[in-house]
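Trainee: I would like a close look at one part of this model, and at how that part sits among its surroundings. Please take it step by step.

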Amino acid sequence: LQSLDVANNQLRELPAALADCPRLKEANFRGNQLRDKRLEKMVNGCQTKAILEYLRAGGRGKGKAESGREDVRKKKREKQQKKDGGDGEQDEVEEASKLLVKVLHVSENPAPLVVKVSPGVKDVRAFIVCCVLKGVNLKPGNALKRFLTMQTKLHEDICEKRTVATIATHDLQLVKAPLTYGVQPPDELKIMPLGRKEIKAKDLLRQLQLEAEEQRKQKKRQNVSGLHKYLQLLDGKDSYPCLVDAEGAVISFPPITNSEKTKIRKETRDLFLEVTSDTSLQICKDVMDTLILKIAELNRSALENKEGSGSDMESDALCGPGNLNLPLVVEQVRVVDMDGNLKVLYPSKTDLATVSSLLTVIR
């Protein structure tokens, strides 16, 4: 089964067995009154893969469906162990090879990062989720290139060409906290975009529009690539969203670009991650879950290939010797209003559930 469309029916739940369909790439479950309200939100805004991961994990509460699936898994494992003569070794290998992430709670962090949100974002791009990820390794081979490629793929896929969410990744050492997420008029917002000189947002969009027209003429086609694809997402906006650091510099201008000031380099070890959306907070969280999983996979792969040739081939990144299985540390980041009242804390106890089958979270 590769494609499934059961939209606008009377389904109350989705069978966990769908997660056993390895070729299922496109699924449309919209318009069904699902009992699991989180799942209902996911089917309206998430990529099929994330939905299947959620079903694989048994959703919220691991009900009867998950219990039945666990029996099937157990039988499969027993059968494989008999075949291999493993006597339980398979389980140990699977557990040892799972990616590890350790959550550092705000209460344990002597200097937690805080993001303040101004009321103006409500009508422009209301939702933001942030966290800090420490311990990445971008030095080996083409690890940085693969990291950037992964981010582009997520923008195309789970972020639906940035229409439902936008990711920004920053070098934490270059981020001057505290941060403020707010809005500025197009002729006042200034940013130094990646690979460009400082420019006003209004002029940047005009420049990108001219580049897009030139690109169309040269290639004689309607489609454009790069940042030019996202210009229409700001149509009709009187103010643009931006993330500003303690020095007053704009480090992120979603959904267009982030700043050269906090650009990630091969030497970067600690990341500040940011996901924004004008659709929903849950979409921000689901995208952040997937982003952390993908970075953990790339980090494992980079460690495994440290002595290797640095080939462009994507490795499965889910296996390897135990000494490589050092956990990445995810530091919680609080998003608060201008009076300091909590709006979002990520990751909370319920976050990272959508990727729990591939990630072990130490809380």
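At what angle do the axes of helix 1 and helix 7 cross, and within what distance do they come?

Mentor: This is a predicted model. The axes of helix 1 (residues 37–45) and helix 7 cross at roughly 80° and come within 10 Å. Helix 1 therefore counts as roughly perpendicular to helix 7.

Start with the residues that meet there. Helix 1 brings Arg38, Lys41, Met42 and Gly45, and helix 7 brings Gln282, Ile283, Asp286 and Asp289. Take glutamine 282, which belongs to helix 7. Its neighbours within four places in sequence left aside, glutamine 282 is in contact with Arg38 and Lys41. Both of these are among the helix 1 residues that meet helix 7. Glutamine 282 has a relative accessible area of 17%. The cut-off for buried is under 20%, so glutamine 282 counts as buried.

Now turn to what else helix 7 does. The largest nonpolar core has 68 residues, and helix 7 (residues 281–304) gives the most to this core, with ten residues. At least three residues of this core come from each of domain 1 (3–57) and domain 2 (97–306 + 325–361). The residues with the most contacts inside the core are Val115, Phe272, Leu273, Met288, Ile292, Ile295 and Leu359. In soluble globular proteins, nonpolar side chains tend to be buried together. There is also a second, separate core of 16 residues, which includes Ile199, Ala201, Leu204 and Cys242.

Methionine 288 is a useful place to follow the contacts outward. Residues up to four places away in sequence not counted, methionine 288 touches Val129, Cys130, Cys131, Leu273, Glu274, Val275 and Tyr346. Several names in that list lead to strands, beginning with strand 13.

Strand 13 (residues 270–277) has eight of its eight residues buried, so the rest of the structure largely encloses this strand. Both faces are covered. On one side the buried residues are Asp270, Phe272, Glu274 and Thr276, and on the other they are Leu271, Leu273, Val275 and Ser277. Strand 13 also has partners in pairing. Strand 5 (residues 127–134) runs antiparallel to strand 13 and is joined to it by eight bridges. In this pair, valine 132 stands opposite phenylalanine 272. Strand 6 (residues 166–171) is antiparallel to strand 13 too, with six bridges between them. Here threonine 166 stands opposite threonine 276.

Strand 5 leads on to strand 14. Strand 5 and strand 14 run antiparallel and are joined by four bridges, and cysteine 131 has glutamine 332 of strand 14 as its bridge partner. Cysteine 131 has already appeared, as one of the residues that methionine 288 touches.

Strand 14 (residues 328–337) is mostly covered, with seven of its ten residues buried. Its pairings can be taken in turn. With strand 3 (residues 99–104) it pairs in the parallel sense over four bridges, and valine 103 stands opposite valine 330. Strand 4 (residues 114–117) runs parallel to strand 14, and four bridges join them. In that pair, valine 115 stands opposite valine 335. Valine 115 is also one of the residues with the most contacts inside the largest nonpolar core. Strand 15 (residues 342–346) pairs with strand 14 in the antiparallel sense over four bridges, and valine 335 stands opposite valine 344 in strand 15. Strand 14 and strand 15 form a hairpin with four residues between them. In the turn, glycine 340 has a positive phi of about 90°.

One residue of strand 14 brings the path back to helix 7. Leucine 328 lies in strand 14 and is buried, with a relative accessible area of 2%. Leucine 328 and isoleucine 295 are 33 residues apart in sequence, and their C-alpha atoms are 9.3 Å apart in space. Its neighbours within four places in sequence left aside, leucine 328 is in contact with ten residues' worth of surroundings that include Leu100, Val101, Leu133, Ile295, Ala296 and Asn299.

Last, the chain as a whole. The protein chain has seven helices and 16 strands. Buried residues make up 45% of its 363 residues. Among contacts between residues at least 6 apart in sequence, 68% join residues at least 24 apart.

Conventions
Residues are numbered from 1 along each chain as its sequence is written. This is a predicted model: local features need pLDDT of at least 70, side-chain atom pairs count only at pLDDT 80 or more; totals for chains, interfaces and linings use all residues. Side-chain values use heavy atoms; hydrogens and water are left out. A nonpolar core is a set of buried Ala, Val, Leu, Ile, Met, Phe, Trp, Tyr and Cys residues joined through side-chain atoms within 4.5 Å. Buried means under 20% relative accessible area, exposed over 50%, partly exposed in between (1.4 Å probe, protein chains only). Helices (H or I, at least four residues) and strands (E, at least two) are DSSP runs, numbered from the N terminus. Domain bounds come from an automatic or database domain assignment. Contact means heavy atoms within 4.5 Å. Two strands pair if DSSP finds at least two bridges between them. Axes are lines fitted to C-alpha atoms, for helices over the stretch in contact, and angles run from 0 to 180 degrees between N-to-C directions. Angles under 35 degrees count as roughly parallel, over 145 as roughly antiparallel, 65 to 115 as roughly perpendicular and the rest as oblique.
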